[in-house]
Amino acid sequence: MRHIPIALLVDDSCPLVHVLRFHWEDVHHREPVTKDGRRMLDYIPNSFLEAYCDVCDRWGIAGKFSIVPAPAGRGDVVNGIQGFPPSETQAWLRTVKRRLSDRFDFTPEGITHNLTVDLTTGAMLPIGESDWSQTQTRDTLLPYLVRALELLKAAGIDANGFTSPWVFGIKSEPEYMVSMVEAQRQVYGRDSSWYFLHMLWSQPTSRPWVAYQDERGRLVSIPANVRDLWWETIDDAHADPKDIARRLYEQTLQVVEAGGLPVVLTHWQSLFSNGAPNGLQALDEFGRLIAQDGRFAWQRCSEIAEMAEQPSNHPTP
Ligand SMILES: [Zn+2]
């Protein structure tokens with residue numbers, strides 16, 4: 001019987017832009033070059049999204065799919081990405097809605113996943129969103145999250161949760177939480193939501209927990225506890241997809257044996273593998289191993305959030 005919930009978190013996905021490549025350059029002032037010396041590609045073609053959807057369809061994979069609303073500050077989901085006809089961004093969004101919305105929840109992930117936007121002028125501040133967020137309060141976090149949701153809503157996307165770019169809000173989490181609850185209420189009229197921030201690799205017992213609940217709404221924290229091993233394919237076009245899938249499956253089993261709920265993290269750029277096929281091949285093989293095991297049921301994050309309990313004994317992040 002398929003009774004163990006499992007979810008895949010896809011971070012950094014967005015139309016066309018290879019977010020990591022620009023994040024390195026603009027936020028970390030680092031050359032966008034892989035460890036094996038290849039230039040990082042600037043863009044990810046729409047055909048890659050179709051190939052990702054094919055793999056998810058084959059194994060019924062479900063979870064969360066980020067949509068960075070204004071990726072790297074180079075255009076946005078409403079007006080299109082700089083350097084491309086708007087029709088390419090619209091086509092990407094149509095495919096996402098048509099092929100993923102049955103099994104994946106959508107979330108923003110910051111506004112740019114890069115430098116912070118000055119909401120008044122639209123200019124970029126010289127600080128990354130994650131660093132910026134750590135010293136903010138609800139006075140500034142709420143309008144920032146509202147802007148992110150409004151962009152997705154204007155593009156016809158129902159975003160029922162939040163993904164935190166890098167560790168957005170980890171040092172201002174009480175203010176971040178109340179801002180997320182209020183932003184969902186303001187933009188979508190929703191009183192139940194969830195978010196991904198915590199990466200608990202050393203706590204395989206972790207399960208999602210109710211992080212916030214009052215008359216304004218309920219918010220569940222969904223932590224990741226299976227590490228993104230696809231990332232290796234960014235730096236090594238020859239990394240063995242079967243070996244990566246086997247190690248992902250082993251991590252998943254460790255979480256289950258510890259009593260945790262397996263939440264598997266990946267990133268758009270680690271599945272893209274800088275243009276090599278091994279990232280998606282590893283996802284295909286991981287999907288096969290999970291199906292072959294027979295005990296797992298892929299679920300979207302909002303389904304997992306419904307089952308979450310009050311934090312009596314959840315691991316402290
Ligand atoms: Zn990210």
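**Exercise 1. Which helix lies across S8, strand S9 (192-196), S10 and S11, and at about what angle does it run to S11?**

Some ground rules before we start. This is a predicted model, where local features need pLDDT of at least 70, side-chain atom pairs count only at pLDDT 80 or more, and totals for chains, interfaces and linings use all residues. Residues are numbered from 1 along each chain as its sequence is written.

Step 1. Helices (H or I, at least four residues) and strands (E, at least two) are DSSP runs, numbered from the N terminus.

Step 2. Look for the four strands: they form an open sheet in the order S8-S9-S11-S10, with mixed pairing. Two strands pair if DSSP finds at least two bridges between them.

Step 3. Strand S8 (161-163) and strand S10 (209-214) are the edges, each pairing on one side only.

Step 4. The helix lying across these strands is H6 (residues 173-188), and it runs at about 125° to S11. Axes here are lines fitted to C-alpha atoms, for helices over the stretch in contact (C-beta atoms, placed from the backbone, within 7 Å); angles run from 0 to 180 degrees between N-to-C directions.

**Exercise 2. Find what stands opposite tryptophan 209, and how far glutamine 310 is from that tryptophan.**

Step 1. S10 pairs with strand S11 (residues 217-221) in the antiparallel sense, over five bridges.

Step 2. Opposite tryptophan 209 you'll find serine 221 in S11.

Step 3. Now jump along the chain: glutamine 310 is 101 residues from tryptophan 209 in sequence, yet 5.9 Å away in space, C-alpha to C-alpha. Glutamine 310 sits in the segment after helix H11 (301-307).

**Exercise 3. Work out which residues of H2 are buried and how they are arranged around the helix axis.**

Step 1. Check the helix length. Helix H2 (residues 46-59) has 14 residues, which at 1.5 Å a residue should span 20 Å (1.5 Å times one less than the number of residues). The end C-alpha atoms of H2 are 21 Å apart, which agrees.

Step 2. Pick out the buried residues (20 or more other C-beta atoms within 10 Å; exposed means 12 or fewer, partly exposed in between; C-beta atoms are placed from the backbone). In H2 they are Phe48, Leu49, Tyr52 and Cys56.

Step 3. Look down the axis of H2: its buried residues fall within an arc of 100° (taken from the directions from the helix axis to the C-beta atoms), so they line one face.

Step 4. Turn the helix over. On the other side of H2, Ser47, Glu50 and Asp54 are exposed.

Terms used:
Two residues are in contact if their C-beta atoms, placed from the backbone, lie within 7 Å.
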